[in-house]
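This report goes through selected residues, a long-range contact set, and the enclosed and open spaces of one model. Please read it alongside the sequence and coordinates.

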Amino acid sequence: MHFLDLAIFISYMIGVTVFGASFFKKNRTSNAFTLGNQNIPGWVISLSIFATFVSSISYLALPGTAYQSDWNPLVFSLSIPLAAWIAVRFFVPLYRRINSPSAYSYLEKRFGPWARIYVSVCYLLTQLMRVGTILYLLALTLHAIFGWNMVLVIVLTGITIMIYSMLGGFQAVVWTDAIQAILLICGAVITIIFILLKMPGGTGQVFQIAMEHGKFSLGSYSLDLSKSTFWVVLFYGIFINLQNFGIDQNYVQRYMASRSDRAAKRSALSGGLLYLPVSLIFLFIGTALYSYYASGQALLPAELQDLDRADQVFPHFIVTQLPRGVAGLLVASIFAAGMSTISTSFNSAATVFLTDYYRKFRKRDPGEKGSMRVLYLTTVVISLLAITVALAMINVKSALDAWWKLASVFSGGMLGLFLLGAFTRRSKSTTAVTAVSIGITVIAWMSLTSLSEDPSRYGNNFHSYLTIVFGTLAIFLSGFLISLLAGKINRR
C-alpha cells in the first residue's frame, strides 16, 4: 500500500490511544472506571452498544458471505428488533432496579452464589476467546495488506487497546466506541460509492448480475433443521441476540451507565436497531463486489477465485482498487470495528472480576485505591491472556474450531439460567442446578458430536446454530417443569 494509506492508519491508532488516555483524570474511582459516573450522553451509549455488537469479524465476514452465497445472514439481523424489545421490556428495568455494575449479581440473589460464579466464569472464558479471535483476524488482515509480521501486530494492537482502556476506563471505551462506530459506517458507505462508480454498466448492472445469480436470496424456507435455512437462522438470531442484549455484561454495563431508566431503554433499542441497516450495507458490499468482478471490470488473482476464500476479496479490493488515502481510511475502519469490541471486553472483564470476585470474597473493603489497583491489574492480565490466545491461533487453527465448540458448552447455559430466574418464581437453587445440568448435557452432545465427520451417526441431525436454541430451551423448560411438579407434590 502507499505511504499515505500507512500514515492515515498509524495516525488513527495514535489518535485513538491519545484520546482514550485523555480521560485519565476523570478515571480516579472504581465507579468512573466501570460506569463512567453514570454521566454519559445517551447517543454515545447507543453508538457504543452498536460498536460493541459489530466487530472486524462482521466487517469482513458479512461481505465475504454475501460474495460467496446470498443474503441469508440478514435473517440474523431481522431477529434483533424482537430481542432488543424483550431486553428493553424485561431485562433493562431488572438491572436498573438491582443497581449493580455486574450483570450476574442478580443470579446470586435468585439462586445463590454458585449461579453467579458459574455464569461469570463462563463470561470471562468466552471473552478471552472472543478477543483472541479478533486480535488474530486483525493481524491476519494487516499481514495481507501491509505484509507485517502477525506476532508483532497482535502484541502491539493488544497493548495499544489495553493502554487506553486502562487509563481512560469506561468513559474512554464508550467515547472511542462512538468515534469508531462513525468511522466504520463511513468506511462502508464510501466502499459502496466507489464500487458503484467503477461499474462499467452503471449502478443497475450491480443489481442485474446479482439477481441473475440469486444473490439477494434469504435462504431456503424449508423446515430442514440440518441446514442454515431462513427459520434456523431466525431462531438462532433470536436466542443469540437475546443473550447479547439481555445478559451480556458488555451491554448490561452500558444500561447501568445511562443517566436514567428511560435513557437506558432508548440506548438499548436504538443501539441494537442501528445494526440492521448497517448489516444491509455490509451485505451489499459483498454482493456489489461479486457483480464488480463478474462484470470483468477487474480480475481477481487465481488464488482468490475460489469461493472458499471469499473473505479475502474485500481486503484485496481495498488494496488494489481504492484511491490512495481512501484505502487507509478503510483499513482504519476495519480496525475500528475490532478495537471497539476488544476495549469493551477488557473493561467489562475487569468490572466482573472486581465485583463478582474481589469484593465478594475479600472480607475487608478494599477502598477506592485498592479497587483501582485491582481494575488496572485485571485489565493487564486479561489483555496478556487474550494476546496469548491470539498468538496460539496462528498455528493451531484446528484447536480454534474445537474451542468454539467447547465455548458453546460454557456460554450456552447462561441464557437459560437467566430466563429461568426471571420468568419462573417457583424455581429454587436445586431446581436450577438440575436444569443447568440437563441443558449443558444437551449442549455438550450437540457441540461435541458436530466435531465428527458424520454427526447423524450420534443422532445429531441438527445444524450447529440450533445448539444455543435447544440448550436454552432444555434449561428453561426442565426447570419450569421440575418446579411445577415440586409445587404439586408439596401441596399434597
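Is Ser340 buried or exposed? Ser340 counts as buried because its relative accessibility is 0%, where buried means under 20% relative accessible area, exposed over 50%, and partly exposed in between (1.4 Å probe, protein chains only). Ser340 belongs to helix H16, residues 326-361; helices (H or I, at least four residues) and strands (E, at least two) are DSSP runs numbered from the N terminus. Apart from neighbours within four places in sequence, Ser340 contacts Ala51, Val54, Asp177 and Gln180, a contact being heavy atoms within 4.5 Å.

This is a predicted model, in which local features need pLDDT of at least 70 and side-chain atom pairs count only at pLDDT 80 or more, while totals for chains, interfaces and linings use all residues. Residues are numbered from 1 along each chain as its sequence is written, and side-chain values use heavy atoms, with hydrogens and water left out.

The predictor's confidence in each residue, pLDDT, runs from 0 to 100. Its mean over the protein chain is 86, and 95% of the residues reach 70 or more. Over residues 398-404 pLDDT stays under 50, and the model has 10 contacts beyond four places in sequence for this stretch.

**Helix H8**

Helix H8 covers residues 113-146, and its 34 residues should span 50 Å at 1.5 Å a residue; the end C-alpha atoms are 49 Å apart, which agrees. The expected span is 1.5 Å times one less than the number of residues. Of the 34 residues of H8, 25 are buried, so the helix is largely enclosed by the rest of the structure. Gly147 follows H8 and has a positive phi, near 80 degrees.

**Loop residues**

Lys215 sits in the loop between helix H10 (203-212) and helix H11 (230-247). With a relative accessibility of 4%, Lys215 counts as buried. Its C-alpha atom is separated by 7.0 Å from that of Ala66, 149 residues apart along the chain. Beyond four places in sequence, the residues that Lys215 touches include Ala66, Tyr67, Trp71, Thr287 and Tyr290.

Two residues other than glycine with positive phi are Gln38 and Asn99. Both lie in loops, as tabulated here.

| Residue | Phi | Loop between | Relative accessible area |
|---|---|---|---|
| Gln38 | near 50 degrees | H2 (30-35) and H3 (42-53) | 29%, partly exposed |
| Asn99 | near 60 degrees | H6 (80-98) and H7 (105-111) | 53%, exposed |

**Cavity and pocket**

On a 1 Å grid over the protein atoms alone, a cavity is a set of points where a 1.4 Å probe fits but cannot get out, and a pocket is an open set with protein on both sides within 12 Å along at least five of seven lines; lining residues have an atom within 4 Å of a point. Grid points are joined across faces, edges and corners, and a volume is the space filled by probe spheres set on the points.

The whole structure has 1 cavity of 30 Å³ or more, and the largest cavity has a volume of about 30 Å³. H8 and H16 are the elements that give two or more residues to its lining. H8 provides the largest share, 4 residues. Leu124, Gln127, Leu128, Val131, Ser345, Ala349 and Ile382 line this cavity.

The second largest pocket has a volume of about 220 Å³. Two or more lining residues come from each of helix H1 (3-21) and helix H9 (150-198), and H9 gives the most, with 5 residues. Among the lining residues are Phe9, Met13, Leu142, Trp148 and Phe335.
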